[in-house]
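Reader: Got a minute to walk through a model with me? I'll keep my questions short.
Author: Sure, put it up.

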Amino acid sequence: MLPGARLFIDSVNLVTGPGAASGKTTFTRNAIAAVHGQNRSVAVLAVGLEGDRAAGVGAGALPGIATGSSAGFSARGFAGAGSIKNTLPAASKFLFQPGDVFMTTSAYLEAADCQPEILDVLPGSSALGRLALARARRSGSAALVGTEHNEYLALAVSRILENQWASTIFIDGALNRITQAASVGNAQLFYCARVSRSECKSLIDKMRYLLELLSLPLYRSDTDRGEDKAVFIDGALTDSVADRLCNIDGIVVVRDFSRIFLDPQAFRRFGGSAKICVRNRVQFGGFSIILRSISKDEFEKLAGSELTEKIVSWNTWEGGENQNAEA
Amino acid sequence: MLKPEKSVSPANEASSAWTFADMDAVWKEFKPLTPYGKDYAYSRAIHTDLSVLAEIYNDTEQMAKFHESRAKTSSEQEKLTWHLSRIPRLPASLDDSLDIFLIKKFLSNYRALGESLDESSRQRFGFVFYSDALLEELNKGGSDSETFFIASSYDSELEAVRIGIKEISEKLALNRKENEERITRIWGVDFKNREFLTVPADLAMKISAQAGQAGYPAIAVESFDDSYCLIRPLPDEAALELQRQYAMLREKEAIRERAVLQRLFEKVGAELDNFGIYAKVVERLDLARARYLLKKKYGLQKPDFAAPIMDIGEGRFIPLEKECIAGGRTYTPLTMRSEKPAVVLFGSNMGGKTIVLRTVLFLQLMAQTGLGVPAEVFKTRIYTSIRYVGDNGQDLHKGLSGFGMEIHALTDIIETARRGSCLCAFDEFAHSTSSDEAEALLSAVVAWFARNSENRVLFATHFRQIVRIDGAEYYTMAGLDIERAEKIVRDSLGTDSAGKEKNLIERIRMINEMMRYVVCPERSREQSAETPSRESERGNSSDALAVASLLGLEPEIIQLATKILQEKHA
């Protein structure tokens, strides 16, 4: 089942998943296709040029794409007359429609097929050059390159929204890299995972734990301030921090759910004594699950209705039946 | 120009004064909008050139006039703020189209800045714009004045190539759509524009057997898991030919784009000198605006740098003033006049000596950063070195005690002061050594600094026995209101249990209320003898016992200490 456009329109959509080939890029592409189907433009950002994208679904399925050679540009513009080939993992290349906005770098901008219009240059740079926000002026592809810095990602999101370059934003990246962007209003998290029979129980536990973390209450300075025992943790809530605070019976406030580095057992133990709150709450959009060597019925039975009702996309790679979703 | 670094560094001579005066409390509110202004703010520049400071204050004055004359048309002010906030940093070199974008965005907003200013402001800030033709050229590419792309209008060949690319793209899209429709018709699989799919293994086997045969589309098949295979459509002959043509046209497009960019680089390169002028104007405007906003907020005044003396009237130490207001306490501004190069300040414990030093350094730093001073009168001169010696929470040098650090700093300051033009504050100098030696040392240090009228050095100390010399001035803080303090001390001694119940904040508030934070000239012994007063009867008192009592010290200890003191003086 492919995701429907309504899920994503006018939201900042954070698409994440554990490790390589969890299907998050495919999910994002399908989501973008759904939004395009409603004649709406999108903005697409990433965190870093992800290493796991190169892994893909096997080398045969995701061949490298040569960029830059046709343009005859060097990575630094006219510095050299010869051409270079920047081989990108295919998953970092997205097909854009006119009006779509994306983040890339100077090196890849010139190789983009979509006749990019530069909208902004972001502070800092990646290993692949300066980061820029660009808008496609014609249908075509461009390499998506993300920032290594969370704060620049948040900055890019706010620039896109403030300038009304797009109202539907997709961010493709690792869980611990996107939470700054999540603090922007209307942000929602999608969690993509590929699961085989042997990993099924472990994934279901992860999904339950993620929902538990995402449902942590928001710290409200007006009502919760009265509790003198509130402890604010600027970094991560790790095992050692939890040990130090084990006797606390007040509120422990973390920046957001992604700053909790406890395993589920330790988290529940710690939560038994302290009330854990977050300063930024991230809305949950849903799960995208790709099944491998296990049937949907079997997975649903093991996961239970509480989890399966949160699944918005099944087997995004699957052809045949059950591909369609409501717009 | 002195430049204290962001972090306190003993190697950086002004940083200790900056920290001691809590300058960052105000500096953090100094918020330029452009990269140039932000660089300046980050540098925390302390100016030592009178002509530079005069320009800075005149710029702020002009910005004030601009804002005040446009008070009824705030849109002009908003325009100024808007365009400043959108000015990017000009690129250091021309490498690619991002640099052209940055230049276009800069020029576009820079020209708009000029349009939002009145004539006198344009003149004051040296606003000029020689780049109309260049901006017009850059404006050919972009949906608006702040975006950039290499438009077809730059190059007729580029336009022809892009028309070709569009046609081939449409044909490729049609080819792909027809191919997908055939696949759907034949095998019931709908790709929906996806690059690959997984299908049940039995269907994949069927596809594998038929794909590429006459009448069947070509499809690549790979295994996925025990039940599914991965399939991916392959381009037919027509699609391959279209892709080849597309690649050729893209190559041509890139060559033409490169030629356009090269021409733009040349045009931009011819105006690099102008950009330098524009960047300076932007920085001046930006800083003047940021300074004006602070001036307006805190009522900052232009100091008088031509005075041989230091004259402060109602000078406010803003960080403390804010703290007092927040805590519901009364803040007393500083009024003080100093004509001699060395100034010694005595006073009660908690009587405000240190605050006087901090206020003086704060006002001087505010003056020399060009922000202006929160004072009704501030007559001073420009100092090329502004220093502080005392406890500043600094890391001690390895092997040096607190006293050792003071001597190390003193040695350094003496070298600076030999050249003159040094403002320095010593807080409780030598307090950690024996009082006899400390008084001797302090007397000698005061005498040394008193010789050079180009310097101004302030000492806050409890050592009342230091030698008085002509080249120095001696002041004392007014200290505790004796009548009130004695009553409270008596009450406190009598009802110690009630006294103990007061928490520290309440006690400090109480001391603040009875403390008179006023700097007075020290009464000479002759004056005290001629007109005895309650004050003179206190002799060399630092009100230590009274303050200790007010802070809740055990009454028995206070009584015993009082007795010992009385016996000693008797």
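Reader: What does the secondary structure of chain A come to?
Author: Eleven helices and 16 strands. Helices (H or I, at least four residues) and strands (E, at least two) are DSSP runs, numbered from the N terminus.

Reader: Ground rules?
Author: This is a predicted model, where local features need pLDDT of at least 70, side-chain atom pairs count only at pLDDT 80 or more, and totals for chains, interfaces and linings use all residues. Residues are numbered from 1 along each chain as its sequence is written, with chains lettered from A and ligands numbered from 1 in the order in which they are written.

Reader: What is the strand order in the open sheet of chain A?
Author: The order is 7-8-6-2-10-1-11-15-16, nine strands with mixed pairing. Strands pair if DSSP finds at least two bridges between them.

Reader: Which strands stand at the edges?
Author: Strand 7 and strand 16 (311–314) of chain A. Each has a single partner strand, so one side of each lacks a neighbour in the sheet. From one strand to the next, the twist averages 25°.

Reader: How do strand 7 and strand 8 of chain A pair?
Author: Antiparallel, over seven bridges. A:Glu117 stands opposite A:Arg135 in strand 8 of chain A.

Reader: Now chain B. How many residues of each chain are in contact?
Author: 35 residues of chain A with 37 of chain B. Contact means C-beta atoms, placed from the backbone, within 7 Å.

Reader: Which element of chain A gives the most to that side?
Author: Strand 7 of chain A, with five residues. Helix 6 (residues 97–116) of chain B lies across strand 7 and strand 8 of chain A, at about 100° to strand 7 of chain A. That angle is between N-to-C directions, on a scale from 0 to 180 degrees, with axes fitted to C-alpha atoms, for helices over the stretch in contact.

Reader: Switching to backbone. What is phi at B:Arg44?
Author: About 50°, positive although B:Arg44 is not a glycine. B:Arg44 is found in the loop between helix 3 (35–43) and helix 4 (50–69) of chain B.

Reader: Is B:Arg44 buried or exposed?
Author: Buried, with 20 other C-beta atoms within 10 Å. The cut-offs within 10 Å are 20 or more other C-beta atoms for buried, 12 or fewer for exposed, and partly exposed in between.

Reader: And B:Asp22, what is its phi?
Author: Near 50°, also a positive value in a residue other than glycine. B:Asp22 is partly exposed, with 18 other C-beta atoms within 10 Å.

Conventions:
Two residues are in contact if their C-beta atoms, placed from the backbone, lie within 7 Å.
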